[in-house]
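Colleague: I'm new to this one. Can you walk me through it?
Modeller: Sure. Take a look, then ask away.

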Amino acid sequence: MFPKLVPMPSPNLLTERDADKTPILECINLGINFGGLAAVENFNMAIGRTEITGLIGPNGAGKTTVFNLLTKVYQPTKGTILLDGNDTHNMTTAQVNRAGIARTFQNIRLFNDLTVEENVTVAMNAHMRYNMWTGIFRLPAFWKEERVAHERALELLSIFNMADLADTKAGSLPYGAQRRLEIVRALATNPSLLLLDEPAAGMNPSETAELMENIRKIRDTFQIAILLIEHDMNLVMNICEGIAVLNFGRIIAKGTPEDIQSNPAVIEAYLGKQKEA
Ligand SMILES: Nc1ncnc2c1ncn2[C@@H]1O[C@H](COP(=O)(O)OP(=O)(O)O)[C@@H](O)[C@H]1O
Ligand SMILES: [Mg+2]
């Protein structure tokens, strides 16, 4: 059912489907130190252009730090990040976003007092073509772009069946809907790689099941790559093609869901304490 993973020249694996194309992301020996602590070390990972990849591991393993490195919240102490084959060395958060990486956060970050639609169009803004002057003088180009943004926002919201909530204040949405809106906002910047940090956290089982379908739908519709951090193993094992397991900042296992589930080091990292008991 799942595609095979094939080796690359570097110590990485790629989905067979995407293997003849430049990976959308490649990390080579990536690392960062906080004081004396190597929060992430020797991190090697490649992601195919249409691949859904999981990044899992116990709390404090360094998963969110990897996202912060990819989005340049932190500059790496060591190693290389290639985005679509291009070195992102010296790029800023805004630059890597424009180059194709969008993310959601472990803790929701929305503009609570703006409407659902406004939250989406604000994210879109950086990518819109009209400039300040056409905006100020309300020239035809402005109205045209404004209408395009409105239609695009509704189109993206409808992926999650949220178009009818367009005029609702983001802060008054139920929790699950806020998490979905965050994903729509990230999609509004037209990413080629979408990073999701614990998207199912706090969701009930039916919301999680719906999210799982939506993540697949996003990949199929936009033909983009998705890297997700998630603790819900049912979700991870069902939708991820490749999985990397982090423990104390290092990858301890990498492979297909089948590989990961039967890997002794993974079982030890997750269940070590129970084994001792
Ligand atoms: N800005 C920072 N300064 C110092 N230590 C940090 C910083 N960010 C993360 N860490 C540490 O790095 C480790 C990994 O954290 P994190 O990436 O948030 O883990 P995870 O997302 O896997 O739960 C933790 O020990 C955390 O305390
Ligand atoms: Mg985290």
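Colleague: Which element gives the most to the shell around ligand 1?
Modeller: That's α1, with three residues. Bear in mind that this is a predicted model.

Colleague: Which residues are around ligand 1?
Modeller: Going along the chain, F34, L37 and A39, then P58, N59, G60, A61, G62, K63, T64 and T65, and finally Y74. By class, six are nonpolar, five polar and one charged.

Colleague: What is 2.8 Å from an oxygen atom of ligand 1?
Modeller: An N or O atom in the side chain of K63. The side chain of T64 also has an N or O atom 2.9 Å from a ligand oxygen. With G62 the backbone is involved: one of its polar atoms is 2.9 Å from an oxygen of ligand 1.

Colleague: And how much of ligand 1 does the protein cover?
Modeller: 61% of the 570 Å² of accessible area that ligand 1 has on its own.

Colleague: Which elements give two or more residues to that shell?
Modeller: β4, residues 37-47, and α1, residues 63-70.

Colleague: New topic, helices. At what angle do α6 and α7 cross?
Modeller: Roughly 10°, and their axes come within 12 Å. α6 covers residues 175-187 and α7 covers 205-222. The angle is under 35 degrees, so α6 is roughly parallel to α7.

Colleague: Which residues meet there?
Modeller: From α6, G176, R180, I183 and L187. From α7, E207, E210, L211, I218 and F222.

Colleague: How does that contact divide by class?
Modeller: Five nonpolar residues, one polar and three charged.

Methods. Residues numbered from 1 in each chain as written. Chains lettered and ligands numbered in written order. Predicted model: local features only at pLDDT ≥ 70, side-chain atom pairs only at ≥ 80, totals over all residues. Heavy atoms only, no water. Near = heavy atom within 4 Å. Polar contact = N/O pair within 3.5 Å; in protein donor to acceptor, adjacent residues only side chain to side chain. Areas by Shrake-Rupley, 256 points an atom, 1.4 Å probe, with all protein chains shown as cover. Helix = DSSP H or I, 4+ residues; strand = E, 2+ residues; numbered from the N terminus. Nonpolar A, V, L, I, M, F, W, Y, C, P; charged D, E, K, R; others polar. Axes fitted to C-alpha atoms, helices over the stretch in contact; angles between N-to-C directions. Parallel < 35°, antiparallel > 145°, perpendicular 65-115°, else oblique. Contact = heavy atoms within 4.5 Å.
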